[in-house]
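Welcome, and thanks for taking a look. Please open the sequence and the structure side by side, and use the notes below as a guide.

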Amino acid sequence: MSESDNNGASPSVPSESSTSVHISVLDLAPIVQGSDAGTALANTIPLAKLAERLGFLRYWVAEHHNMQGIASSATAVVIGHVAAATQHIRVGSGGIMLPNHAPLVIAEQFGTLASLYPGRIDLGLGRAPGTDQQTAYALRRTLNSAVDSFPQDIRELQFFLGPRQENQKVHAIPGMNTNVPIWILGSSLYGAQVAAMYGLPFGFASHFAPAMMHEAITIYREKFRPSEQLDRPYVMLGYNVCAADTFDEANYLRTSGLQSFLRMRSGRPSRLPPPVKDFEANLDPTSRNMLKTARAASVVGDRDNVRDGMQKFVNDTQADELIVVCQIYDFEKRLRSYEIVADAAHDVRRSSATETIALD
């Protein structure tokens with residue numbers, strides 16, 4: 001487990017007690033139409049450097065496989081790539097899909113990262129495969145390691161990342177006693193229950209599956225048991241933002257993400273397409289309804305729109321942290337979107353009704 005400070009809270013969680021909302025970056029390393037994975041991975045560096053300069057708390061990448069439009073399948077490698085190019089921003093996984101891997105392998109990978117970049121690495125864990133069943137089989141060589149073993153695998157991973165135990169025969173080297181902070185991620189109630197039971201910070205994938213968000217947050221907060229890593233519940237929520245200098249431009253740029261979302265939902269994932277005019281005007285009712293659901297954790301517009309949307313979302317959820325996704329085709333426009341997010345976030349506050357975690 002992660003070493004605690006005097007208040008018993010994890011150093012991977014923000015270090016001030018205030019009503020400010022912390023913001024982070026979730027980069028899917030999007031491969032856009034007409035480009036390639038090399039360009040997508042190269043783009044992580046200027047984006048991470050910008051996020052660090054603007055004061056974002058962390059920069060996470062996610063494990064997905066057999067996805068034409070996502071370049072972060074070798075997640076630990078990408079984390080090292082980003083951490084090497086930055087100075088202090090936390091870098092981590094949002095997340096590692098633990099059923100795809102032996103816990104010892106993940107302990108060695110993230111123990112190596114923590115040894116190279118001390119105090120900067122986060123390990124977010126999910127129990128989904130991050131892909132289709134056929135690809136999951138290709139990754140694991142078996143489907144017998146079901147997601148039902150997820151809690152046990154977390155305990156095993158914590159064991160390998162923790163201090164040496166008496167008579168311990170197998171060690172993660174590097175990994176042992178690095179105490180890499182672990183997060184539990186999910187898009188259903190299951191992850192909330194596991195995070196609460198183990199006393200770990202909880203990240204909900206509301207940016208693409210918001211349906212159970214409120215219920216999951218409630219379960220997590222009500223059932224939370226303090227641990228060595230964390231003394232009070234801490235909630236991070238995925239949030240889609242498409243920001244630009246004008247509302248019309250942002251609404252136009254957003255159509256890339258909308259197209260990608262619909263293609264994914266229909267089983268036809270693709271590279272991130274360029275924006276199109278009047279995209280929603282030509283959609284069928286089913287597609288319109290799917291997009292309506294997706295907008296529960298999204299905002300589109302200029303700085304004022306983004307500020308108001310983020311504030312409303314935080315009022316509604318009392319999230320401790322938002323991890324922001326900007327799916328924009330033009331990379332320079334994506335950078336600009338994050339600049340606007342950072343500026344708008346200065347005016348977003350949590351209610352004092354839910355106490356934030358006090359550290360340091």
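## Aromatic rings

Phe202, Phe204, Tyr220 and Phe224 come together as one aromatic cluster. Please keep in mind that the model is predicted. The bullets below begin with rings, then move to a bent helix, the strands, two buried residues of a helix, and some backbone details.

**Ring pairs**

- Eight aromatic pairs are found in the structure.
- One of them joins Phe56 and Tyr338, with 5.8 Å between the centres and 80° between the planes, an edge-to-face arrangement.
- Phe56 belongs to the loop between helix H1 (37-54) and strand E2 (58-61), while Tyr338 belongs to helix H11 (residues 331-345), so this pair ties together parts that are 282 residues apart in sequence.
- Phe56 and Tyr338 are both buried.
- Another edge-to-face pair is made by Phe202 and Phe204, at 6.2 Å centre to centre and 65° between the planes.
- Phe202 is buried, and Phe204 is buried as well.
- A pair of aromatic rings is described by the distance of the centres and the angle of the planes.

**Charges over rings**

- Which ring does the charged end of Arg127 sit over? The ring is that of Tyr190, with 3.8 Å to its centre.
- For Arg155, the charged end sits over the ring of Tyr198, 3.8 Å from the ring centre.

**Helix H8, with a bend**

- Helix H8 (residues 247-265) is built from 19 residues.
- From its first C-alpha to its last, H8 reaches 26 Å, close to the 27 Å expected at 1.5 Å a residue.
- Where does H8 bend? The bend is at Thr255 and comes to about 25°.
- Thr255 is also among the buried residues of H8, which include its sequence neighbours Arg254 and Ser256.
- Other buried residues of H8 include Ala250, Leu253, Leu258, Phe261 and Leu262.
- The cover over the buried residues of H8 includes strand E7 (235-243), helix H9 (285-294), strand E8 (298-301) and H11.
- After H8 comes Gly267, which has a positive phi, near 80°.

**Strands E1 and E2**

- Strand E1 (residues 22-27) runs parallel to E2, and three bridges join the two strands.
- Asp27 has Val61 of E2 as its bridge partner.
- In a regular strand the side chains alternate between the two faces of the sheet.
- E2 is covered on both faces, with Arg58 and Trp60 buried on one side and Tyr59 and Val61 buried on the other.

**Two buried residues of H11**

- Arg334 is a residue of helix H11.
- Is Arg334 buried or exposed? Its relative accessible area is 4%, which means that Arg334 is buried, as the cut-off for buried is under 20%.
- Leaving out residues up to four places away in sequence, Arg334 touches Asp27, Pro30, Asn43, Leu47, Cys326 and Ile328.
- Asp27 therefore appears twice in this picture, as a contact of Arg334 and as the bridge partner of Val61.- Ala345 is placed in helix H11 too, and it is buried with a relative accessible area of 9%.
- Not counting neighbours within four places in sequence, Ala345 is in contact with Ile23 and Met310.
- Ala345 and Asp320 are 25 residues apart in sequence, and their C-alpha atoms are 13 Å apart in space.

**Backbone details**

- Most residues other than glycine have a negative phi, and most peptide bonds are trans.
- Gly94 and Gly95 are joined by a cis peptide bond, with omega about 10°.
- Gly95 lies in strand E3 (residues 90-97).
- Ile173 and Pro174 are also joined by a cis peptide bond, and here omega is about -5°.
- Pro174 sits in the loop between helix H5 (150-161) and strand E5 (182-186).
- Asn177 is placed in the loop between H5 and E5, and its phi is positive, near 65°, in a residue other than glycine.
- Asn177 is partly exposed, with a relative accessible area of 45%.
- Asn66 has a positive phi as well, near 60°, and lies in the loop between E2 and helix H2 (75-85).
- With a relative accessible area of 51%, Asn66 is exposed.

Terms used
Residues are numbered from 1 along each chain as its sequence is written. This is a predicted model: local features need pLDDT of at least 70, side-chain atom pairs count only at pLDDT 80 or more; totals for chains, interfaces and linings use all residues. Side-chain values use heavy atoms; hydrogens and water are left out. Rings of Phe, Tyr and Trp (its six-membered ring) pair if their centres lie within 6.5 Å; planes under 30 degrees apart count as stacked, over 60 as edge-to-face and the rest as tilted. Helices (H or I, at least four residues) and strands (E, at least two) are DSSP runs, numbered from the N terminus. Buried means under 20% relative accessible area, exposed over 50%, partly exposed in between (1.4 Å probe, protein chains only). A charge sits over a ring if NZ of Lys or CZ of Arg is within 6 Å of the ring centre and within 35 degrees of the ring normal. The expected span of a helix is 1.5 Å times one less than its number of residues. The bend at a residue is the angle between axes fitted to the seven residues ending there and the seven starting there. Contact means heavy atoms within 4.5 Å. Two strands pair if DSSP finds at least two bridges between them.
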